[in-house]
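Reader: I should be grateful for a close look at one helix and the way it packs. Please set the account in the context of the whole model, and state the cut-offs of each term as it arises.

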Amino acid sequence: MKNTFLNKKNLTWLILGVAFFFLIQLLIQVGVITPYYRVTMYWICLFAILGVSLNVIIGVTGQFSLGHAGFMSIGAYSAAVVLRSMPNLTGLFIGMAIGALISLFVSMVVAIPTLRLKGDYLAIATLGVGEIIRIVILNMKITNGASGISNIPYLISWPLMFFFVFVSIMFSANFKNSAIGRACISIKEDEIASEAMGINTTKYKVMAFMFGALIASLAGALYATTYYVIKPETFGINNSINILVIVVFGGMGSLTGSAVAAIVLGIINNVFQPLAEWRMIIYALALIVIMIFRPQGLLGTSEASLKTIFSLDTYKNALKGLIDLVTLKKFRVAAASTGKGKQR
Amino acid sequence: MKRILVLVATALLVLSGLTACTSTDKGTIKIGVNVELTGEAAVYGQPEKKAIELAVKEINDAGGILGKQVEAIYYDTKTDGAESTSNVTKLATEDKVVAIIGAAISGTTMAAAPVANQYQVPMITPSGSNAKVTNDGTTVYPFVYRACFIDPFQGVVIANFSSTELGATKAAVIGSSSSDYAKDLATIFADQFEKNGGTVVAEEYYTDTDTDFNAILTKLQNAGEFDVLFIADYAVRAGLIIGQARTAGITVPIVGPDGFESPDLVALAGGADKVNDVYFSTHFSALSEDQAVKDFIAAYTASAGEAPSALSALAYDTVYMLKQAIEDADSTDPVKVNTALEAIKDFKGITGTINFDEWHNPIKSAIIVELVNGEQASATVVNP
């Protein structure tokens, strides 16, 4: 393939994206997508952006982070504060830019010392970072302390949301498929070996972390203008874990998987809404069932490519997998072969 | 065994999806309920749901509203603002309810208020007491109301009670610096107490994670004599402070806001003997002689299996207030119901008589409860 910007592959993706945009726009205009489904769709889009950006840190680079909601809150608060005096799209973009700069700076300061840690230690350090950001916001005047900022103007629309979903997934995919991304993947596979191959591991880890934080802050700004109210506890550890669930559920290392997981979880959450408190139990059960049958996540590490999208085999295999999942093939095979239940 | 379990789980998933799709009759009045059933505020949302179920059952047994049966649709906010926004959008646009009750706390109510305004469906929160729930300080949200009094009002009531009933002239204030509820109450109490001619000798603050308050209490004692102690916080910490203050030899009356009301207060204070001469303001007291209150307590205890709290009483009142508004409007059109709700006059509920002011806050009386040996001993009604 010739390495130009507008090659056949990129053009096809662009056309697919634009077609998808106009399809949804048409459905909104005709009234098939009602205001309620639009709210759900925005939730899915927001968490797809967050999932993809965290996947760059966790799935691609292999650095476990529990502080993602903290960077989201930086973006949300920057946008909300600017929107207070400039309640229009210009204000939103200025807020986003400020939020992006702050979160780039904070993530860099945080990443340089903490990314020297590994595994559990890194998880705890990033958890601490998320909490520090939350507590700073809780005690600042401009963020209005514990009661947060309410009455944020509602500026979100499908074109705006689509633009940011498209751009953040595109940049994440480019990040993953670039030389930087390959360096990051090698760090995930074996840090010592990649260092021996001359890769500056700290540099690439910091880059991935900053990139993820930047995208998360954009998602935070969109969150603020979609949901009217932001409070410090909105961006606590629970939210970080929600994003982590999307990454693990979709498959660590698969950006497509994160987007698919956001869609699946968004739909589960809404289909079972009339069941009130039972919903959370079903939601948790669904997670457990998927994790038993597909411990590698929905898509594992594979990505959607043009080849797979236009190949019938993909859909055949997906259907077969779904049937196996519903009919509990794994247990049947395990039970038949040993009689002792499942083995791993 | 595992296989059966998973089969059951799958069957449950499929079945629950099916039941979600069953349609409802045309001849009912639909009311949306959007409260905290899970998450950290579920402790407030659950009693409200039980009270709403009771009120709806009573209304339906008595013939419904305008001859139609009432159907309540319950959604869970998960104590999450985004979820609350989404729920109210669904109630207003998909379920096409006449009115919405919820949410139980201020944060999730504020997240849903713009949606209720946008789709023009009246929404009443039973217990969102933050001043900014029904207005942004300059304009009122035309479709958002509440059934409880607001935090500033409570601060004023407690200060007046301390000055007149307790005859206090010197107050000490202690409160949490982590919640706006506590910070606002402490400031408003201090202002009103000084307006009444008293002096505030000391103000001390702590953070939500503290459990040992001896250092702060010693500071208060060293700051000079005081004859009333105001604790601005919820029962979780207020209970501990009461216990530690009594142990430290502070014998003056202790006053506090509605956050004191909790079955755990006595246990946290370390024994019933520590909880004497303690007063707090609340929305509703089980000690009332009113027959309607007695009937409510009996009915609620029978149906819910526990004694009602102020929250359940407020939610119960909210349903009946809505009933009156629909009857006044003689229509199930949300906009007409909203007009009737705004104009509601002297609605007699079990938490007092309700009229709305121009900010959609109820003008209603508060109740000051005295605790003797940890038990509610007397209830004084304080009118605004």
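Author: Two residues are taken to be in contact if their C-beta atoms, placed from the backbone, lie within 7 Å. The model is a predicted one, in which local features need pLDDT of at least 70 and side-chain atom pairs count only at pLDDT 80 or more, while totals for chains, interfaces and linings use all residues. Residues are numbered from 1 along each chain as its sequence is written, and chains are lettered from A and ligands numbered from 1 in the order in which they are written.

The place where the two chains meet leads to the helix in question. Chain A brings 33 residues to this contact and chain B brings 32. On the side of chain A that touches chain B, the elements giving two or more residues are α2 (35-60) and α12 (278-293) of chain A (helices are DSSP runs of H or I with at least four residues, strands are runs of E with at least two, and numbering starts at the N terminus). The greatest share on this side comes from α12(A), with six residues. By class, the side of chain A that touches chain B has 22 nonpolar, eight polar and three charged residues (Ala, Val, Leu, Ile, Met, Phe, Trp, Tyr, Cys and Pro count as nonpolar, Asp, Glu, Lys and Arg as charged, and the others, Gly among them, as polar).

Let us now turn to α2(A) within its own chain. Two packed helices are described by the angle between their axes and the distance between the axes. The axes of α2(A) and α9 (residues 201-227) of chain A come within 9 Å and cross at roughly 165° (axes are lines fitted to C-alpha atoms, for helices over the stretch in contact, with angles from 0 to 180 degrees between N-to-C directions). The pair α2(A) and α9(A) is therefore roughly antiparallel (angles under 35 degrees count as roughly parallel, over 145 as roughly antiparallel, 65 to 115 as roughly perpendicular and the rest as oblique). The crossing of α2(A) and α9(A) is left-handed (the near helix is turned anticlockwise from the far one by less than a right angle; clockwise would be right-handed). From α2(A), the residues in this packing are A:Tyr42, A:Leu46, A:Ile49, A:Leu50, A:Ser53, A:Leu54, A:Val56, A:Ile57 and A:Val60. They meet residues of α9(A) including A:Phe209, A:Phe211, A:Ile215, A:Leu222 and A:Tyr223. By class, the contact of α2(A) with α9(A) has 16 nonpolar, three polar and no charged residues.

A further partner of α2(A) is α10 (residues 237-250) of chain A, which packs at an angle of about 70° with the axes 8 Å apart. At that angle α2(A) is roughly perpendicular to α10(A). Here α2(A) supplies A:Phe47, A:Leu50, A:Gly51, A:Leu54, A:Asn55, A:Ile58 and A:Gly59, and α10(A) supplies A:Ile243, A:Leu244, A:Ile246, A:Val247 and A:Gly250. The contact of α2(A) with α10(A) is made up of eight nonpolar, four polar and no charged residues. A:Leu50 and A:Leu54 of α2(A) are named in the packing on α9(A) and in the packing on α10(A).

Another helix pair of chain A may be set beside these. α1 (residues 8-30) and α6 (residues 158-177) of chain A have axes that come within 11 Å and cross at roughly 155°. This makes α1(A) roughly antiparallel to α6(A), and their crossing is right-handed. A:Gly17, A:Phe21, A:Ile24, A:Gln25 and A:Ile28 of α1(A) meet A:Trp158, A:Phe162 and A:Phe166 of α6(A). That contact has six nonpolar, two polar and no charged residues.

As to the chains as wholes, chain A has 15 helices and zero strands, whereas chain B has 12 helices and 15 strands. The C-alpha atoms of chain A fill a box of roughly 65 × 55 × 50 Å along the principal axes, and those of chain B one of roughly 70 × 60 × 40 Å. The domain assignment of chain A (bounds come from an automatic or database assignment) gives domain 1 (1-32), domain 2 (34-305) and domain 3 (311-344). The C-alpha centres of domain 2 and domain 3 of chain A are separated by 32 Å.
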